[in-house]
Amino acid sequence: MLAWFGLDETAAPGAADRLIADLARDLQARGLRIAGAVQTNHDLGPDCACDMDMQVIGDGAAPVRISQSLGAGASGCRLDTGALEEVVARTAPTLPGADLVVIPKFGRQEAMGRGFYSLIAEAAAAGQPVVLYVPRQQRAAFLAFAGGLAVELAPGDVAGWCLEQAAALS
């Protein structure tokens, strides 16, 4: 009930986010009830880091800006962890009754047991199919978290897996 995909280093920036967002839209258009969140990155130009927004699927509220400006020359993590936790808190009530849970990624926060970590575990334990992107840097932490219960998918196979899981639950 837990599937993940990775991308190689040649993938364009934001490719995983676009795949997840397109997947969620496609599955919803097919009539499936999707819970989770999608991330959108806004390019601010060649010398600027992008702005990152996260939208909770189906809650109708405005996206949450999960990045913060650290100023010129800053090199620290731009993730606003409080904003990410707000997205997670808004996502949790959408889980019951969902055919599938879509999570943008298992990132650094999840690798530390934060962010979507508990929500992923809760959905999988409830028997809900969960699909997410796992960056190369977090694969070891994700595989330890999943404990052998996750299936790796090629990016082109993600939609098919989701449809199979939803059909199996019907």
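Q: What percentage of the 170 residues of the chain count as buried?
A: This is a predicted model. A residue counts as buried when its relative accessible area is under 20%. Of the 170 residues of the chain, the share that meets this is 41%.

Q: How many helices and strands are there in the chain?
A: Along the sequence, the elements follow the pattern β-α-β-β-β-α-β-α-α-β-α-β-α. The chain has 6 helices and 7 strands.

Q: Which residues of helix H4 are buried, and on which side or sides of H4 do they lie?
A: Helix H4 spans residues 117-125, and its buried residues are Leu119, Ile120 and Ala123. They cover an arc of only 100° around the axis, so they lie on the same side of H4. The buried residues are thus Leu119, Ile120 and Ala123, and their place is the same side of H4.

Q: Which elements do the buried residues of H4 pack against?
A: Both strands and helices take part in this packing. The strands are S1 (2-5), S5 (100-105) and S6 (130-133). The helices are H2 (81-91) and H5 (139-146).

Q: Is Gln165 of helix H6 buried or exposed?
A: Gln165 lies in helix H6, which covers residues 158-169. Buried means under 20% relative accessible area. Gln165 has a relative accessible area of 17%, so Gln165 is buried.

Q: Which residues does Gln165 touch, not counting residues up to four places away in sequence?
A: Contact means heavy atoms within 4.5 Å. With residues up to four places away in sequence left out, Gln165 touches Met1 and Pro129.

Note on methods: Residues numbered from 1 in each chain as written. Predicted model: local features only at pLDDT ≥ 70, side-chain atom pairs only at ≥ 80, totals over all residues. Heavy atoms only, no water. Buried < 20%, exposed > 50% of the residue type's maximum accessible area, 1.4 Å probe, protein only. Helix = DSSP H or I, 4+ residues; strand = E, 2+ residues; numbered from the N terminus. Arc of directions from axis to C-beta.
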